[in-house]
Structures are given as structure tokens and as C-alpha cells.
Amino acid sequence: MSDGKIENVVSGEEPFLGTLDIALLVILIAGGTWYFTRNRTKPEESSRTYSIQPTTVSTAAVTDNSFIKKLKASGRSLVVFYGSQTGTAEEFAGRLAKEGIRYRLKGMVADPEECDMEELLQLKDIPNSLAVFCLATYGEGDPTDNAMEFYEWITNGDADLTGLNYAVFGLGNKTYEHYNKVAIYVDKRLEELGATRVFELGLGDDDANIEDDFITWKDRFWPAVCDNFGIEGSGEEVLIRQFRLLEHTDVQPDRIYTGEVARLHSLQNQRPPFDAKNPFLAPILVNRELHKGGSRSCMHIELDIEGSKMRYDAGDHVAMYPINDKDLVEKLGLLCNADLDLVFSLINTDTDSSKKHPFPCPTTYRTALTHYLEIAAIPRTHILKELAEYCSDENDKQFLRSMASITPEGKEKYQSWVQDACRNIVHILEDISSCKPPIDHVCELLPRLQPRYYSISSSSKLYPTKVHITAVLVQYKTPTGRLNKGVATTYLKAKNPKDGEVKVPVFIRKSQFRLPTKSEIPIVMVGPGTGVAPFRGFIQERQHLRDEGKQVGESILYYGCRKKSEDFIYEEELEEYVEKGTLTLKTAFSRDQQKKIYVTHLLEQDADLLWRVLGENNGHFYICGDAKNMAVDVRNILVKILKTKGNMSESDAVQYLKKMEAQKRYSADVWS
């Protein structure tokens with residue numbers, strides 16, 4: 001019934017409806033009102049049982065991307081931005097913001113992706129204000145996803161940042177060519193835009209001991225900040241919890257997170273687009289062993305992505321969210337005297353923080369330790385410092401404190417007792433029996449469990465609805481006699497489709513590792529061991545193009561492994577491509593003869609061939625595998641070949657390689 005007809009009845013004009021009609025109408029309206037009121041009140045009643053947001057946070061504060069407003073409203077002057085891909089930069093940012101209170105600089109952590117970064121121009125209006133940037137370099141010298149917009153803004157813009165006080169700490173890895181490129185550039189660029197550097201650029205090396213680099217830098221950073229602003233530190237460090245515990249006794253079961261990355265029930269109710277915050281549950285169709293002998297294991301896994309709308313190109317990566325070993329979870333629960341099935345939430349004590357919880361809450365301790373926390377990782381020193389407070393034995397307390405200190409003895413002890421011995425949180429609590437931390441604090445301290453990335457070893461031209469993975473099972477004995485297992489590969493090894501349907505949460509990450517756009521361009525691929533993975537996709541694609549009658553350039557693969565009879569993976573496939581004339585295969589089996597032969601030896605022998613392909617025919621060069629030794633050696637060999645065969649000086653040869661990189665003719669997909 002329309003609103004107009006009701007108005008006529010009320011106004012006393014000639015009634016359109018009879019008395020009976022009006023009576024029926026009143027009953028219908030009353031019934032409808034009761035029905036909608038009943039439906040609306042139910043969720044409100046249940047929401048009270050799992051409401052975990054602090055009451056002081058307004059809706060506007062949550063959605064507002066103004067960090068200036070938040071600083072002013074809460075009387076803060078320190079903001080620490082992070083560019084993080086794996087969570088380490090975010091963790092360092094949190095520690096800096098937390099420590100600021102000791103130096104009368106109340107701080108907050110901020111994700112540049114969620115902030116209006118043009119507000120940096122207004123930061124000077126806040127007395128004693130300081131912006132710190134903890135920035136990781138990712139891939140081939142790129143900013144992390146969440147720092148990309150900020151990086152582009154300072155690169156392409158010409159904002160006047162006069163009056164902005166800043167400092168930068170970078171997170172990189174020396175085995176990669178573009179070591180800390182992002183932090184170095186941002187530090188320099190902010191100065192060019194008029195900002196004032198309060199303390200020198202810090203560079204952390206993840207190949208060595210990035211924790212040591214960070215604490216060494218920050219212990220010099222704070223005195224410089226105090227000098228700059230004329231303030232004094234408050235002396236002894238006070239350990240402050242960032243999150244408060246809320247244990248739930250009456251939360252509805254369907255409101256509890258069970259392993260979802262972001263959206264509740266996202267693993268049950270799958271809907272695209274699928275990405276890092278919304279992974280696709282991909283069925284495993286194939287999980288077979290590739291090694292023919294020996295003590296090691298290498299898996300060939302095929303994932304079904306049909307219906308996901310996910311697309312990939314040869315050279316892209318597939319990311320997978322693993323879960324922790326159940327035995328390790330149980331051990332940690334016992335060591336902390338915890339009821340793992342208790343439902344809880346950790347709520348940020350900083351009501352202005354955009355990060356309300358360290359991981360999806362409410363959840364159980366079992367779920368948190370299984371799906372959300374890195375329990376198998378080597379703990380950083382700040383974790384040891386906080387664990388020390390829960391030791392009932394004074395010697396144990398001092399031992400943990402010393403390893404968390406910056407003294408040479410403390411650093412040496414941490415290196416030998418924690419890092420070299422590969423002790424995770426479970427091992428530390430097992431070996432220091434008087435340390436009994438509450439499980440909720442352990443959950444606050446441990447870093448988030450990160451997705452694991454694998455080079456896709458198939459071509460979407462052949463397998464549009466499948467993604468292939470090639471992965472070596474990680475397992476090793478530690479100096480303490482324990483067996484440490486890789487989180488992701490142990491998880492994958494147990495996922496056998498022969499036991500019924502098994503699924504894993506995945507998403508696709510695009511890469512710059514690409515075949516030439518013109519198929520007739522020759523390519524050289526260097527991929528020992530599982531480094532062959534993306535090249536399997538490349539070769540499949542080139543064979544597909546040949547089968548379609550297209551002209552395809554020379555494809556040369558340098559492959560190496562220990563023994564031909566044991567770990568020559570995809571041997572039959574590769575030999576078939578050779579027979580068809582699609583592939584030239586160069587193999588090195590390091591342990592099949594007395595003197596070890598590696599792919600680097602083969603490259604040195606093929607100087608004429610490599611110069612012809614790369615120097616004369618403008619071919620593309622690809623390398624995939626170990627960054628620390630192999631990739632560095634290969635690069636040095638190429639420089640040598642360019643010098644001798646191309647008649648170049650050392651600097652010209654290096655420049656030639658850099659030009660190849662800029663033209664995407666030299667590409668590396670490496671890891672350390």
C-alpha cells in the first residue's frame with residue numbers, strides 16, 4: 001500500500017477503504033513492525049557477547065586516514081611508518097613507537113597505505129614532531145606493496161617538506177644486488193624535498209643479523225633524538241603490553257575465527273577476487289615425489305584453480321598460507337600451562353591504532369598458534385627480554401636479559417645459543433624450565449605467520465586452470481639434536497589427494513620474471529635444483545608456440561643437481577624437449593665424479609656461446625635459485641665474459657649488465 005493512500009485516511013477525506021480494510025491494514029502493519037523489530041534485535045543481542053572494540057573508538061576515527069588528527073587528538077608527536085612485506089618492518093616500527101614513551105615522545109605506528117601521506121607537510125605544526133620510516137626493499141629493488149603509493153608520491157612530486165624531522169631504517173639483504181635500495185632512496189629524497197634528517201640512515205641486513213643491526217642503530221638513534229629536541233630519557237626501560245587480554249565465555253561459535261586471514265567465514269564462503277587477504281582454497285590434484293633416490297624429498301604439486309578467476313603467467317609466484325605442526329602447538333600449550341581451546345581476543349591498548357588486534361579475533365589459542373603465529377621461527381632479542389620477566393630462577397632471568405642486550409658478550413651468546421642452535425620459542429621454553437610466560441603474552445610477542453611463495457612451474461597456455469609447484473622438503477637436525485621441519489613443506493607433504501580431497505589457501509603474486517614478448521628472441525636460463533621451476537613453465541610455453549607454428553628463438557637451460565640417478569627432477573620432460581628441438585640442455589651433476597662440477601663451470605666454458613646469444617643477438621638471461629653464492633658467481637662470470645668477448649673494461653661490463661636489467665633482458669628470481 002502506498003504512503004499517499006494512508007495520508008488520505010488520516011486527513012478525513014472521502015475514505016478510500018472500508019472499516020474492515022482499515023482493521024486488516026492495522027493488523028498487517030502491527031505484524032510487520034513486530035517481524036522486523038524481532039529480526040533486528042537478534043543480532044544486537046548476540047553482538048554484545050563478542051564485542052571487543054574499546055568503547056572510546058568512534059566510527060569516524062576508524063575510517064579516518066588522517067594521522068595528523070590522531071596525533072593531535074592523543075597528544076603524540078612521533079609517528080613510525082612501515083613498508084613491510086613479511087612483517088619485520090612493521091614489528092620494528094611497533095618497537096620504536098613503544099620505546100618513544102621513555103623519551104617523552106608518545107608514538108603511534110602507521111601504515112602508509114592507510115594514511116594521507118601529503119599530511120607530512122603539516123607534521124611540523126606539532127611541536128617536537130618526528131616521522132620515522134622502517135622500509136623494506138622487496139624483489140628487484142622495489143618498495144613493498146603497502147609503501148608503493150608513498151614511494152611514487154615522493155619520487156614524482158615536489159612537495160616542500162621543510163620543517164619535517166625524519167629518520168629512516170632500511171631492511172634489506174646483502175645477497176641481493178639492490179641492497180636496501182628503497183630506504184637509501186627515501187632517506188636521500190626526503191632531504192632533497194627540504195626535510196631535516198635527525199639521525200643517520202640505518203641499514204639492516206637480513207642475510208646476517210638484522211635484529212642486531214636494528215638494536216645497534218636504535219640505541220644510537222634515541223640519544224640523537226634527545227639531543228635534537230633537547231629532551232631527556234626517563235632512564236630504565238619499562239616493558240609495556242601493547243594488547244590487553246579479553247577471554248570470552250559466551251561468544252557465539254559462528255563469530256570465532258578459525259584460520260581466516262581477514263574476513264570471517266571467508267574460507268567457507270569463497271568469493272572472488274582472491275588475494276593476500278582473501279586466499280582461494282585450491283584442491284591439490286597431484287602430490288608426487290620427484291627424487292628417484294637419496295635421503296631428500298622434492299614434491300611436484302598440482303593445484304586446481306578452476307572457478308577462482310585467478311590468472312597467471314609463466315614466471316609468476318603462487319603464495320600459500322601454511323599451518324604450524326600440531327605437535328609443536330601442543331608442546332607450546334603445555335609449556336605455558338594453557339587451555340588451547342579457550343576463546344580470547346587481544347585488543348590494542350592504543351585506541352587510535354588502525355591495528356586493533358595482532359591477528360583475527362576472537363579465536364582460540366589453538367587456532368592462533370596453528371594459523372596466525374610463527375612459532376617455528378628463531379625469536380628476536382626483544383622477545384627474550386620480555387620472556388625474562390617470567391623466569392622464577394634469577395640466573396635464567398639474567399641469561400635471557402644478557403642475550404637481549406647490546407653488549408658484545410650478549411650478542412655472541414644470542415648468536416650461538418639461539419641462532420646457530422636454531423632454537424624456536426618451544427625449544428627456549430623447554431631449555432629454560434623456570435620461564436613460564438602466560439600464553440596470551442606469547443601470542444602478542446610472536447610475529448605473524450607469513451604466506452610462503454613458490455615460483456610457478458607451469459605455463460597457463462597449457463594449464464590455464466592449474467598451478468604447478470616444485471618444492472624441496474625442508475628438514476634438518478639442529479646442534480641440540482632436535483629435528484627442525486620447514487613449516488610450509490611439512491604441511492604440503494602431508495596433503496596427499498590419495499587420502500581424499502585436500503585443499504590449501506593460495507593466491508597469485510605477479511612477477512617481473514617474464515619471457516620476451518617476441519618469441520624469436522633467444523634465451524639463456526640458469527636454474528640448478530628447484531631453480532628450474534619457472535623455466536619449466538617457460539619451456540612449456542615455447543614448445544606450445546612452436547606447436548602452433550610460430551618462430552621460437554634458441555632456449556638454453558643450465559641445470560645442476562647432486563646426482564643424475566637421484567635428484568635430476570623433470571629429467572624425462574626436459575629430454576623430450578631436447579628431442580623435439582625446443583631446448584638445449586646443459587647439465588652439471590656435482591657428485592657424479594670426483595671433482596665437483598657446477599653450472600658455474602659450464603657457464604665459464606661456454607663464453608663464446610653466451611656472448612653470441614647475449615652480446616650479438618640481444619638475447620635474454622634468466623637466473624633462479626640461491627642468491628647468496630650461485631647468483632653472485634653467475635653475475636661475476638657474465639661480467640668476465642663481457643670483458644673478454646666484448647672487449648669491455650670492468651666498469652663497461654658492469655654497466656652493460658645494468659642496461660640489460662633496465663631493458664628486462666637480465667632477470668633474477670632468487671632467494672637466500
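This tour proceeds through a predicted model, stop by stop, with a selection to make at each one. Local features require pLDDT of at least 70 and side-chain atom pairs pLDDT 80 or more, whereas totals for chains, interfaces and linings use all residues. Residues are numbered from 1 along each chain as its sequence is written, and side-chain values use heavy atoms, with hydrogens and water left out.

**Strand 11 and its partners**

Begin by selecting residues 317-320, which form strand 11. Strands (E, at least two residues) and helices (H or I, at least four) are DSSP runs numbered from the N terminus. His-317 and Ala-319 lie on one side of strand 11, Val-318 and Met-320 on the other, and all are buried. Here buried means under 20% relative accessible area, exposed means over 50%, and partly exposed lies in between (1.4 Å probe, protein chains only).

Next, add residues 452-455, strand 14, which pairs with strand 11 in the antiparallel sense over four bridges. Pairing requires that DSSP find at least two bridges between two strands. Then add strand 18, residues 503-509, which also forms an antiparallel pairing with strand 11 over four bridges. Met-320 is a useful residue to centre on: Arg-452 of strand 14 stands opposite Met-320, and Val-506 is the bridge partner of Met-320 in strand 18.

**Salt bridges between helices**

The structure holds 42 salt bridges, each defined as a side-chain nitrogen of Lys or Arg within 4 Å of a carboxyl oxygen of Asp or Glu. Select Asp-212 and Lys-411, whose side chains meet in a salt bridge at 3.0 Å, N to O. The pair links distant parts of the chain, 199 residues apart: Asp-212 belongs to helix 8 (residues 210-229) and Lys-411 to helix 13 (residues 408-420). Asp-212 has a relative accessible area of 21% and is therefore partly exposed; Lys-411, at 25%, is likewise partly exposed.

Move next to Arg-366. Which residues does Arg-366 engage in salt bridges? One is Glu-330, with the closest N and O atoms 2.5 Å apart. Glu-330 lies in helix 9 (residues 326-335) and Arg-366 in helix 10 (residues 365-372), 36 residues apart. Another is Asp-341, where the closest N and O atoms are 3.0 Å apart. Asp-341 sits in the loop between helix 9 and strand 12 (343-348), 25 residues from Arg-366. Arg-366 counts as partly exposed because its relative accessibility is 28%; Glu-330 has 36% and Asp-341 has 49%.

**Charged surface patches**

Now display the surface and select Glu-113, Glu-114, Asp-145, Glu-149 and Glu-152, which form a negative patch. Patches comprise residues with over 30% relative accessible area and no salt bridge, like charges being joined within 9 Å and nonpolar side chains (Val, Leu, Ile, Met, Phe, Trp, Tyr) within 5 Å. Asp-145 is located in the loop between strand 4 (142-143) and helix 6 (148-156).

For a patch of positive charge, select Arg-562, Lys-563, Arg-591 and Lys-596. Lys-596 occupies the loop between strand 21 (584-589) and helix 20 (599-605). Is Lys-596 buried or partly exposed? Its relative accessibility is 40%, so Lys-596 counts as partly exposed.

**Final stop: Lys-181**

Finally, select Lys-181 in helix 7 (residues 181-192). Lys-181 is partly exposed, at 37% relative accessibility. Add Leu-171, ten residues away along the chain, and display the C-alpha atoms: the separation between Lys-181 and Leu-171 is 9.4 Å.

Note on methods: Areas by Shrake-Rupley, 256 points an atom, 1.4 Å probe, with all protein chains shown as cover. Lys, Arg positive; Asp, Glu negative; His and termini not counted. Charge placed at Lys NZ, Arg CZ, Asp CG, Glu CD.
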